[in-house]
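Here's a walk through one model, feature by feature. Keep the viewer open and follow along.

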Amino acid sequence: MDEVLRVYTEKCGDHDTQPHTSILSAISNNRSIEKLQLQLRGSTKETFNSRLTDRDVIVLVDALIFASKANAALTIAVLDLSFNELGQFAVEALSKLLQEGVHVDDIRVASNSITEEGVEEFLTAVGKSSLKSLTLSDNKLGCKVGFALAKLIQDEHCGLEGLSIDSIEMDTASIVAFATALRSNKSLRVLSLSNPRLFSNNEETATHLARALERHPNLECVTLEKHFIGDDGAARLAEHLSSNFSVLSLSLAKNRISPPGASCLADYLSLNPPLQTLSLSHNRLGDQGAQAIARALRSNRNLTNLSLRGCGIGEDGLIALADAISSNPSICSFQLWGNSFSRKAAKAFHDLLKDSDRGFAHIDFFTNEVDEQIDIVRVE
């Protein structure tokens, strides 16, 4: 690491700037130049008041390129620049990093001040690189970048396996283009595309995404939160997912799904698909939706984690879920905080959790019995 630190310090002199303490620390935390972990998030207690700027990234990239040419063994496993103050010039520097052939596995630039400027060139560089994972979430990139992302994943040479593009202001047209491109993509394994900028045609985007998921051979983890797909969108997803055998984790939280949509998803679960994790949190499932899911759990033996936080579920739905989980040995993790636990519902889960043979891995509440009254206590 001494050599990388020396090069970085020299490059700071060339750029007439002081070495950034966070960068010095991130480099020093590595023991080898192989698979460098450069953790430079600006959201930690130590970095919050000294976030990186474009200039800091430019200097760092110059140092990494120089060090890589001096020692071909240098590779970067993770370059996490999230929650900083980066914009166009930092993106251009990252393009240069990839264009110069530095091996990087994972780049994260979530929650910066990045707009569309320079991003298309960066995505072109990504497509020609060995990058495996890219996080662009929570930047105001817009629909133009959405179309560029569609072009990227459609390229047969693109090797991206993970892509996070939440809250980047994609519109209906760019999501449809992305979904269409996804149908010919074979590399992605993890996709997070939540909270797009949709004002209408929400079911239309759900239909296109559902068709893309239907035949994708490798997607394992899919997050489509805040698409507001409603019941019709949930029905389309359930229909097409029934032909998919790769998706293991699916999150449809905050999508305005009510009992009819939950019933369609329950029908999908009853087919016993490979799906292991399902989140429908913060939808309007109510007792009817919960009861439909509970019925599906009686025949499903692949689901292990179920999240139904804040779904407006009352006594009948919660008791049905407790009974279903009790009879389903596959469920080892569930989250139900934010629903209406009556005394009977609390008692049902208290009895379930007393079953020492189950060994539940992660539950977001526990029960506490005091003077024959059972309280539900949230686990933070």
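## Helix α12 and what it leans on

Start with α12 in this predicted model: G317, L318, A320, L321, A322, A324 and I325 are its buried residues. They pack against two helices, α11 (286-297) and α13 (343-353), and against two strands, β11 (305-307) and β12 (333-335).

The helix geometry checks out too. Helix α12 covers residues 315-327, and its 13 residues should span 18 Å at 1.5 Å a residue; the end C-alpha atoms sit 19 Å apart, which agrees.

## A knot of phenylalanines

Now look at the rings. Searching the whole structure turns up six aromatic pairs. One of them is F334 with F349, a tilted pair with 5.8 Å centre to centre and 45° between the planes. F334 belongs to strand β12 and F349 to helix α13, so this pair ties together parts that are 15 residues apart in sequence. How buried are the two partners? F334 has a relative accessible area of 1%, and F349 comes in at 0%, so both count as buried.

F334 has another ring partner, F360: the centres are 5.3 Å apart and the planes stand at 80°, so this pair is edge-to-face. The link again joins distant parts of the chain, with F334 in β12 and F360 in the loop between α13 and β13 (362-363), 26 residues apart. F360 is buried, as is F334. Zoom out a little and you get a cluster in which ring pairs link F334, F341, F349, F360 and F365.

Elsewhere there's a charge-over-ring arrangement: R256 lies over the face of F228, at 4.2 Å from the ring centre.

## The hairpin of β14 and β15

Strands β14 (residues 365-370) and β15 (residues 373-378) run antiparallel and are joined by six bridges. For a handy register mark, N368 in this pairing stands opposite D375 in β15. Two residues sit between the strands of the hairpin, and D371 takes a positive phi near 55° there.

## Helix α1, a two-sided helix

Over at the start of the chain, helix α1 (residues 2-14) has 13 residues and reaches 18 Å from its first C-alpha to its last, close to the 18 Å expected at 1.5 Å a residue. Its buried residues are V4, L5, V7, Y8, K11 and C12. These cover an arc of only 165° around the axis, which puts them on the same side of α1. On the other side, D2, G13 and D14 are exposed.

What do the buried residues of α1 pack against? Their partners are two helices, α2 (21-28) and α3 (54-70).

## Backbone oddities in the loops

Most residues other than glycine have a negative phi, so a few exceptions deserve a look. D16, just after α1, is one of them, with phi near 55°. D16 sits in the loop between α1 and α2 and is exposed, with a relative accessible area of 66%.

K35 is another non-glycine residue with a positive phi, in this case about 60°. You'll find K35 in the loop between α2 and β1 (36-39). K35 is partly exposed, at a relative accessible area of 46%.

## A buried loop residue

Is L219 buried or exposed, given that its place is in the loop between α8 (202-215) and β8 (221-223)? Buried: L219 has a relative accessible area of 0%. Setting aside neighbours within four places in sequence, L219 is in contact with L182, L188, R189, V190, L191, L213, S246 and V247.

For a sense of distance, pick P19: P19 and L219 are 200 residues apart in sequence and 41 Å apart in space, C-alpha to C-alpha.

## The whole chain

Zooming all the way out, the chain has 13 helices and 15 strands. Its C-alpha trace spans about 70 × 50 × 35 Å along the principal axes. Of the 380 residues in the chain, 54% are buried.

As for the contact map, take the contacts between residues at least 6 apart in sequence: 81% of these join residues at least 24 apart.

Methods: Residues numbered from 1 in each chain as written. Predicted model: local features only at pLDDT ≥ 70, side-chain atom pairs only at ≥ 80, totals over all residues. Heavy atoms only, no water. Helix = DSSP H or I, 4+ residues; strand = E, 2+ residues; numbered from the N terminus. Expected span 1.5 Å × (residues − 1). Buried < 20%, exposed > 50% of the residue type's maximum accessible area, 1.4 Å probe, protein only. Arc of directions from axis to C-beta. Contact = heavy atoms within 4.5 Å. Pairing = 2+ DSSP bridges. Phe/Tyr/Trp six-rings, centres within 6.5 Å; stacked < 30°, edge-to-face > 60°. Lys NZ or Arg CZ within 6 Å of the ring centre and 35° of its normal.
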